[in-house]
Amino acid sequence: MTCAPFDPSRLGRGLAFASAIDDLSAALDRSPTVVVSAPPGTGKTTLVPPILADRVSGRVIVTQPRRVAARAAARRLAQLDGSPLGSRVGFTVRGERHVSPSTLIEFVTAGVLLRRLLDDPGLDGIGAVIIDEVHERALETDLLIGLLGEVRELRDDLILIAMSATLDAERFATILGTDASPAPIVTQTAPAHPLEVHWAPSPTPRLGERGVTWAFLDHVASTAVAAHRNLVRTDPAADALVFAPGAREVSEIAGRIRGLAAEFDVRELHGQIPAAEQDAVISGRSPDGAARIIVTTSLAESSLTVPGVRLVVDTCLSRAPQRDEARGMSGLVTGPTPKASAIQRSGRATRHGPGVVVRCVDERTFATAPTHAAPEIQAADLTDAALLLACWGAPGGVGLRLVDPLPSGSLGEALAVLRGLGAIDADGRATDEGRQLARVPTAPRLARALRAGSGLVGGRTAAEVISLLSGDLRVADGDAQATLTALRTGRSPDARRWEQEVRRLVRFAGATNTARGGADQTGLLIALAFPEWIARRVDQSPHGATFLLASGTRAGITGPLASADWLAVADVTRAEGRAAAGTGAIIRSAAIISENQAEQVAPHLCTDRVEAQFLNGRVVARRERRIGAIIRSSVPVRVQADAGGRDAVRRAVTEQGLGVFTWSDAADALRRRLALLHRELGSPWPQVSDTVLLSTLDSWLGPELSYLAAGTPAARIDLAPALRRILPWPAAVDLDALVPERLQVPSGSHVRLSYPPADDSTGRPIVAVKLQECFGWAETPRIIGGRVPVLFHLLSPAGHPLAVTDDLASFWAGPYSQVRAQMRGRYPKHPWPEDPRSAIPTRHTTRRAALG
């Protein structure tokens, strides 16, 4: 049976984008890829999908960056269409699906479509894909653009549309287009309703050591109440939207507003509240309902439309991911809202008429905010993305037309994690285990813990813990076990959606045993997922404790877990303040684990070996049992001149550097000469930087490592013979000819050449010589086969500096005459010929002036 077409004219009644329908149709007639640029609230998410559904034979997939946005868009379109949700219009998000065989338009999150692509790379039965909110630069959306571009190379009938709410459409048009021409752009502007801007800076700082200050939250709440009371006097139907950086601040501000203004219906809107509550907020106010104040996060900036809003109160704060390369972790950091996001927030007040925005900063502070938010790809953990790309057959994104390439540092860390999980091979290709992990709807680390842990503690327990860790559930006091207990007993408001996720993950657990394990298994499962975050308490204070993680990072924690000896950490992020205890990081979620359990789940991190260090020039050693960077026990021992002793000394040299040795003049000079040869000629002359020498100790310092292990002081080790072991033969025969130790000058003297330090990439070889000894040289001598001119420091007969030059010919022709005029009277017994190029030093001059 043929379904009736959608009616865009009826669906678009009152929507600004309705006037762009003809432009969109014309663009689709010219190209199967189109970019749509229109502000939030213009109706593009409502109108573009049905237009495509009437053009293509298959289903239209529309991606949203958030679950609540996908549900809301599907419900609204189904309501406007007059059809039941799940029939002509449906949605699929994590843990919830409303579609049928007759569904023509399906709204999904970007993550759902990415996993669907792995199972069905050709997208059979799909006629068009719309990627919404591409301007937000979410990681999964960026990946979709790259993957779908490759799908289109195999399916030229697939229509692909990218929709943006900002003016960066040209960039996406270039990526989605062909090499010959970019994709066409359809632009629609919103009606320019007046916006009244007010500035309400707080008398106290917005941010303190522990994040957003209580005083600022008080200020935001009182500002919102006063502004909304003023507005509803003239517009009783108006609602207010208050933007806060995160869920905690949303709850705090909402609670304060309820205490200040009982006449308002105060609602919260963020990703951690149940779906039913989210849907109730965005469905609008009931006809006889009280005026509403909705406190929300960036969730409502562009991907959601909350009806009835005429007032926006903006904290001008946002929470965004930041990458800490030193600690190898990403974390959410609160900071100024980018101006582009602040403008989108204020636009929510003028969707249908004049509106008001109150920004809780002054104009100067607002002006100093960044212009745009950084793309998520720059700061996110890329482990999940790297596995997906490996399964797709494009390791690291090679060959894909991505908006931005994956940052090399973060990508390298992600690939190392995946190799440790056995998910990719040496070439970066997905293994069978990697493909199995990718099918589990959670991060690769958690998928591995689910599969491996189910055999240890039972499938049900494994699924319960992983559901807690993979969701956006709040972990009170950082205590994962206490939170899990509250979820199991139903005391937590998140219990229902957690239970849904548990039932879903049990299917992937890979164990038939679904019995529930004991309370002490939570830490075990966390450690399976994050073995490098096994932690031991190293310091405690009345305010909390400091833990050392196996990765080497230190982090603070407060609350009941501060007294634990060992923890398995599930979430650690960058932070400052008392809770971080000066470490720069704070543990957000963890569970107690025993030392034996830590050893059980992280055998690859456990070591029992001799560790050495240089102390006052001698090697001292201790036998240490470790889990990563955590020292479990340490006792002094005598280092032995065996393989174990050599390994310990090698690690000590690598850690403490080549400065533990006393470099002789001969060794330093040889290193400098080799460094210059490598700089100018490259191979076969070896690199002799600290990094390279430390990474190749066995190839040049092998015997000396044994001497050190046997007790020889470092000061007695001569590095010159050691360096000669890396001379390249037979090229080394020309060493003295290419970079001589001394240079013979016309006087007959052999003057020592001073070569630049090994780490100097621009330095020149220098000769300090008395000027009279150079008489007879018309041109500057060169070394390394004529490639490098010598830099002359010319001296007076008394050894004082006269000139510096690497061009003797120019010096003789110019500056020399001035030097001669000044020096003849001071040194009358020494020759000062008019033409020094043809002068020959006398035996007397040579004898007096000879150096070295």
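The legends below accompany an overview and several close-up views of a predicted model.

**Figure 1. Overview of the predicted model, with its 30 helices and 33 strands.** The C-alpha trace extends over about 115 × 65 × 60 Å along the principal axes. The protein has 852 residues, of which 52% count as buried. Among contacts between residues at least 6 apart in sequence, 69% join residues at least 24 apart.

**Figure 2. Packing of helix H5 against helix H13.** Two packed helices are described by the angle between their axes and the distance between the axes. Here, the axes of H5 (residues 110–119) and H13 (residues 383–392) come within 10 Å and cross at roughly 25°. Since angles under 35 degrees count as roughly parallel, H5 is therefore roughly parallel to H13. The crossing of the two helices is left-handed. H5 contributes Leu 114, Arg 115, Leu 117 and Leu 118 to the contact, and H13 contributes Asp 384, Leu 388, Cys 391 and Trp 392. By class, the residues of this contact comprise 6 nonpolar and 2 charged, with no polar ones.

**Figure 3. Helix H19 and the elements that cover its buried residues.** H19 comprises 12 residues, 495–506. From its first C-alpha to its last, H19 reaches 16 Å, close to the 16 Å expected at 1.5 Å a residue. The buried residues of H19 are Ala 495, Trp 498, Glu 501, Val 502, Arg 504 and Leu 505. Their cover includes helix H16 (444–457), helix H17 (459–470) and helix H18 (480–489).

**Figure 4. Surroundings of Thr 42 in the loop between strand S1 and helix H3.** S1 spans residues 33–37 and H3 spans residues 44–53. Thr 42 has a relative accessible area of 1% and is therefore buried, the limit for this class being under 20%. Apart from residues up to four places away in sequence, Thr 42 touches Leu 15, Ala 16, Phe 17, Thr 189 and Ala 190.

**Figure 5. Leu 28 of helix H2 and its contacts.** Leu 28 belongs to H2, which covers residues 21–30. Its relative accessibility is 8%, so Leu 28 counts as buried. When residues up to four places away in sequence are set aside, Leu 28 touches Val 34, Leu 52, Arg 55, Ile 159 and Ile 161. One of these residues, Leu 52, is 24 residues from Leu 28 in sequence, and the two C-alpha atoms are 9.1 Å apart in space.

**Figure 6. Val 790 in the loop between strands S31 and S32.** The loop lies between S31 (788–789) and S32 (791–795). Val 790 has 0% relative accessibility and so counts as buried. Leaving aside neighbours within four places in sequence, Val 790 is in contact with Leu 743, Leu 753, Pro 765, Val 767, Thr 780, Pro 781, Ile 783, Thr 805 and Asp 806. Val 281, by comparison, is 509 residues from Val 790 in sequence and 78 Å from it in space, C-alpha to C-alpha.

**Figure 7. Cis peptide bonds preceding Pro 684 and Pro 730.** Most residues other than glycine have a negative phi, and most peptide bonds are trans. The bond from Ser 683 to Pro 684 is cis, with omega near 10°. Pro 684 is situated in the loop between helix H23 (665–681) and helix H24 (690–695). The bond from Trp 729 to Pro 730 is also cis, with omega near 10°. Pro 730 is located in the loop between helix H26 (719–724) and helix H27 (735–738).

**Figure 8. Positive phi angles at Cys 316 and Asp 477.** Although Cys 316 is not a glycine, its phi is positive, at about 60°. This residue is placed in the loop between strand S15 (309–314) and strand S16 (317–324). With 6% relative accessibility, Cys 316 counts as buried. Asp 477, likewise not a glycine, has a positive phi of about 55°. The loop that holds Asp 477 runs between H17 and H18. Asp 477 has 54% relative accessibility and so counts as exposed, the limit for this class being over 50%.

Key:
Residues numbered from 1 in each chain as written. Predicted model: local features only at pLDDT ≥ 70, side-chain atom pairs only at ≥ 80, totals over all residues. Heavy atoms only, no water. Axes fitted to C-alpha atoms, helices over the stretch in contact; angles between N-to-C directions. Helix = DSSP H or I, 4+ residues; strand = E, 2+ residues; numbered from the N terminus. Parallel < 35°, antiparallel > 145°, perpendicular 65-115°, else oblique. Left-handed = near helix turned anticlockwise from the far one by under 90°. Contact = heavy atoms within 4.5 Å. Nonpolar A, V, L, I, M, F, W, Y, C, P; charged D, E, K, R; others polar. Expected span 1.5 Å × (residues − 1). Buried < 20%, exposed > 50% of the residue type's maximum accessible area, 1.4 Å probe, protein only.
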